[in-house]
Amino acid sequence: MHTRCPTRPMRLLAAAGLGLFMSLLVGCAGQGIDQSRYTLPDETQNVKVAGDFKGSVSLAAPRMASYLKDDGIVMQLDDIRIHQASNYLWAEPLDRQLQERMRQHLGQALPNADVLRRGQSGEPSTPALHVQLDVDRFQGRDDGMAVVGGQWRIRDDDDRTLSRESFEIERPLEDDGYPALVRALGAAWGTLGDRLANTLVEVGDAAKK
């Protein structure tokens, strides 16, 4: 038996992925060593309306895996190792950015809903739904993908769980470098917003019955 070498297209794909990964890992050496700070992009311009939800949504700050709580943007080296950038950082705490981007996204997708941060006062409306997001992964990967993973829980005012679902969203980077990674992560978070908005409509409809 002879071990077959990868075909030429596969070798090219692997080389491209490795080149992209290495350019991220070294922090885009051509740009120098000055620190750069990033905010997630605004992905609300093209958000589609999910449905006619007229209740309220209380959105808690996401609970982050411990390695995502520092400022450095994370790259996943393989199945067990991660690298946290020292010069490519989030401009403000990631959980705060994720909460605000999701609040904006849900506000666009559910235009008749009252979407609030947890603890923020607003007009009481029914159904009143509470959303908790747990984020286990929010990082680049060595094959040129941005990965967002975790789970959500939607509950009512009586703390009954109405929906609990795991999510894993991957988006390819359109270019090399940390700016492309941040944009891909933002797009993946927007995809999660679409899914969550659709589920809130379904749960809200069921709560009315």
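These are my notebook entries on the fold, one hairpin, the cavity and the pockets of this chain.

**Entry 1: overall layout**

I worked throughout on a predicted model. I began with the secondary structure and found three helices and nine strands in the chain. Reading from the N terminus, I wrote the order of elements down as α-β-β-β-β-β-α-β-β-β-β-α. I then turned to burial, and of the 209 residues of the chain 46% count as buried, where buried stands for a relative accessible area under 20%. For the accessible surface of the chain I noted about 11500 Å², with 47% of this area belonging to carbon and sulfur atoms. I also looked up how far apart in sequence the contacting residues lie: among the contacts with a separation of 6 or more, 71% are between residues 24 or more positions apart.

**Entry 2: the β8-β9 hairpin**

Next I followed strand β8 (residues 145-155) and strand β9 (residues 161-172), which run antiparallel and are joined by 11 bridges. As a reference point within this pairing I marked G150, which stands opposite F167 in β9. The two strands form a hairpin with five residues between them, and I went through the turn for its backbone angles. Which residue there has a positive phi although it is not a glycine? I found D159, with a phi of about 65 degrees, placed in the loop between β8 and β9. I kept this entry since most residues other than glycine have a negative phi. Is D159 buried, partly exposed or exposed? D159 counts as partly exposed because its relative accessibility is 44%, and the partly exposed class lies between the cut-offs of 20% and 50%.

**Entry 3: the cavity**

I then searched for enclosed space, and the count came to one cavity of 30 Å³ or more. The volume I recorded for the largest cavity is about 80 Å³. I listed its lining as L40, P41, E43, T44, R101, M102, H105, G186, W189 and G190. Which elements give two or more residues to this lining? They are α2 (94-109) and α3 (178-208). By class, I noted four nonpolar, four polar and two charged residues in the lining of the largest cavity.

**Entry 4: the largest pocket**

Turning to open space, I recorded about 200 Å³ for the largest pocket. Its lining consists of D42, E43, Q45, N46, V47, K48, H105, R171, A187, G190, T191 and D194. I asked which element gives the most to this lining, and the answer was α3, with four residues. I counted the classes in the lining of the largest pocket as two nonpolar, five polar and five charged. Going back over the lists, I saw that E43, H105 and G190 appear in the lining of the largest cavity and again in that of the largest pocket.

**Entry 5: the second largest pocket**

For the second largest pocket I noted a volume of about 170 Å³, with E43, R171, P172, L173, E174, D175, A180, R183, A184 and A187 as its lining. Both β9 and α3 supply at least two residues each to this lining, and the largest share, four residues, comes from α3. How do the lining residues of the second largest pocket divide by class? I found five nonpolar, no polar and five charged. E43, R171 and A187 were already on my list for the largest pocket, and they return in the lining of the second largest pocket.

Note on methods. Residues numbered from 1 in each chain as written. Predicted model: local features only at pLDDT ≥ 70, side-chain atom pairs only at ≥ 80, totals over all residues. Heavy atoms only, no water. 1 Å grid on protein atoms, 1.4 Å probe; cavity = no way out; pocket = protein on both sides within 12 Å on 5 of 7 lines; lining within 4 Å. Points joined across faces, edges and corners; volume = space filled by probe spheres on them. Nonpolar A, V, L, I, M, F, W, Y, C, P; charged D, E, K, R; others polar. Pairing = 2+ DSSP bridges. Buried < 20%, exposed > 50% of the residue type's maximum accessible area, 1.4 Å probe, protein only. Contact = heavy atoms within 4.5 Å. Areas by Shrake-Rupley, 256 points an atom, 1.4 Å probe, with all protein chains shown as cover.
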